[in-house]
Amino acid sequence: EVAIASKFQMRENKTKTLAFWLDASTAINGQVLKTIASSFDQPILETFALDKPISLSIDGNQTKINYTLLIPHFSAEDVDLTDIKIKGQMSENFIDGTLASNLESAQISTALKGDFKMNDFDINSLYFSLQGQSNLEKYMDSNLFSQISGNLEKIDFITVLEPTIYEDYTIDELIIKGEANKESLNFDLQSALKYDENSLHVKIPQGSLTFKDMPIKLAINPQIKLNNEPLIFIQNPQLLLTYEKTLLDATLFSDLFDVNATYEIDGKARASLHVKSFEPSKFITLPEQILINAIEARGEVSFDKSIDANLALLLDKTTLNLKAKGPLEDLKMAIWHKTFEIEALNLTKNLQGEFKIASIEDFIMALNPHINQEIPKISGSIDGKIALQDERLSFLVKSDSLVYEEQSLHNITIQGEFKDQLITLTRLNFALDAGLGLSSMQSFSLIKPATFNTQ
């Protein structure tokens, strides 16, 4: 016969710490078991609730004790644990048990079960296993299976997502597995999804996260295939992330480009980019009139409440310079070459800009190597303005003097807009020199708006 007298109390003190006492004594054949007493008085959670009684039952003999702990409901932060049941055995040289519970949060519901065992009450001998079956119906019609097992030295883990449809995607496979210890975490990932008629496979073999010493490092070498073919623009990528104190550093290497970026906790960021020389025809189909055999780019960007970016774009032997500067809500860009300038482009509001070509002859000479057609002979200079609003492009072009096919034009003004494949000229003024049947310079103006269909 076993007689048990027990007292259990749980309370929340003024510092919102969780404290409990368990005192249990029992007499077996006149022998008194050693009093079991535990006391914890350390901050555990900021907020918690235990709104139903806890029950603890113990039975056994001189060599073995069976115990069952039932906790109907416990909530902490935004997580609810219900129907918690811990059941097991305890003796002088071991303790083991099983665990079952249900976890609920605003995003996910999980059924948990697990087991553990410890020899000689030595925490270093602890072995445990925990499995979770999660329902993701708030996101997608699928379940997520997770399992962790191990000891205080090493933990093995695996997570598997059942095949499912998420929005317009079909997820055929998502598996993450690996192991973790006190110094690092190593993992493998493989996934496959479909979108329309396309399939994407991503595999990360031997990814690693090290956290023994600063900085914390994450290194992965993802393998990405689209329709069973490696992505041309990101072949053999290598990603390294490091974090130390307030600085996050990311470096991405690939066959085509290298990127290095740093981010500070105060919001400052900077990055450098090198796009290695490549043939554009391997990635896109250019119009027959466009001749570009190689493209290369180098640039730097920094952010501290506003953006400051510089990029040099090399098209064969022609270099274009780009600069973007200003806060995000009022970002401006300038593009220039030795033969032209485009500046004051507002990129985040209605697009506005100004352009200038100081020498059309030099501009055509720079353009000729990239155009597979004859360009008319024009000399002179032009400048103008453009504005884009509600898919309507307005333009104003001016020139003091142009020579087109040996005919001189003066005081040229062209104003209009482009929308829905239509060009509408609202203003056209110019003057012709004597010739072509004219005895003296004559001025011409557009009487009424004229529209041209570009299709």
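Accessible areas come from the Shrake-Rupley method with a 1.4 Å probe, and for residues only the protein chains shown count as cover. This is a predicted model, in which local features need pLDDT of at least 70 and side-chain atom pairs count only at pLDDT 80 or more, while totals for chains, interfaces and linings use all residues. Residues are numbered from 1 along each chain as its sequence is written, and side-chain values use heavy atoms, with hydrogens and water left out.

**Figure 1. Overview of the protein.** The accessible surface comes to about 29800 Å², and carbon and sulfur atoms account for 55% of that area. One helix and 37 strands make up the secondary structure; helices (H or I, at least four residues) and strands (E, at least two) are DSSP runs, numbered from the N terminus. Of the 455 residues, 26% are buried (under 20% relative accessible area; exposed is over 50% and partly exposed in between, with a 1.4 Å probe and protein chains only). Among contacts (heavy atoms within 4.5 Å) between residues at least 6 apart in sequence, 29% join residues at least 24 apart.

**Figure 2. Confidence along the chain.** The pLDDT, the predictor's confidence in each residue from 0 to 100, averages 83, and 86% of the residues score at least 70. Strand 25 (residues 295-303) has the highest confidence, at 95, and strand 3 (residues 31-32) the lowest, at a mean of 31. Residues 1-5 have pLDDT below 50, with 14 contacts in the model beyond near neighbours in sequence. Residues 7-46 are also below 50, and this stretch has 78 such contacts. Where pLDDT is low, the predicted coordinates should not be read in detail.

**Figure 3. Surroundings of Thr68 in strand 7 (residues 64-76).** Thr68 has a relative accessible area of 17% and is therefore buried. Not counting residues up to four places away in sequence, Thr68 touches Ser55, Leu56, Ser57, Lys85, Ile86 and Lys87.

**Figure 4. Surroundings of Ser408 in strand 34 (residues 407-419).** Ser408 counts as buried because its relative accessible area is 19%. Its contacts, leaving aside neighbours within four places in sequence, are with Leu402, Val403, Ala431, Leu432 and Asp433. Between the C-alpha atoms of Ser408 and Ser379, which lie 29 residues apart along the chain, the separation is 9.5 Å.

**Figure 5. Tyr195 at the end of its listed range in strand 16 (residues 184-195).** Tyr195 is partly exposed, at 33% relative accessibility. With Tyr139, Tyr166 and Tyr169, Tyr195 forms a nonpolar surface patch of about 380 Å² accessible area together. Patches are made of residues with over 30% relative accessible area and no salt bridge, with like charges joined within 9 Å and nonpolar side chains (Val, Leu, Ile, Met, Phe, Trp, Tyr) within 5 Å; a salt bridge is a side-chain nitrogen of Lys or Arg within 4 Å of a carboxyl oxygen of Asp or Glu.
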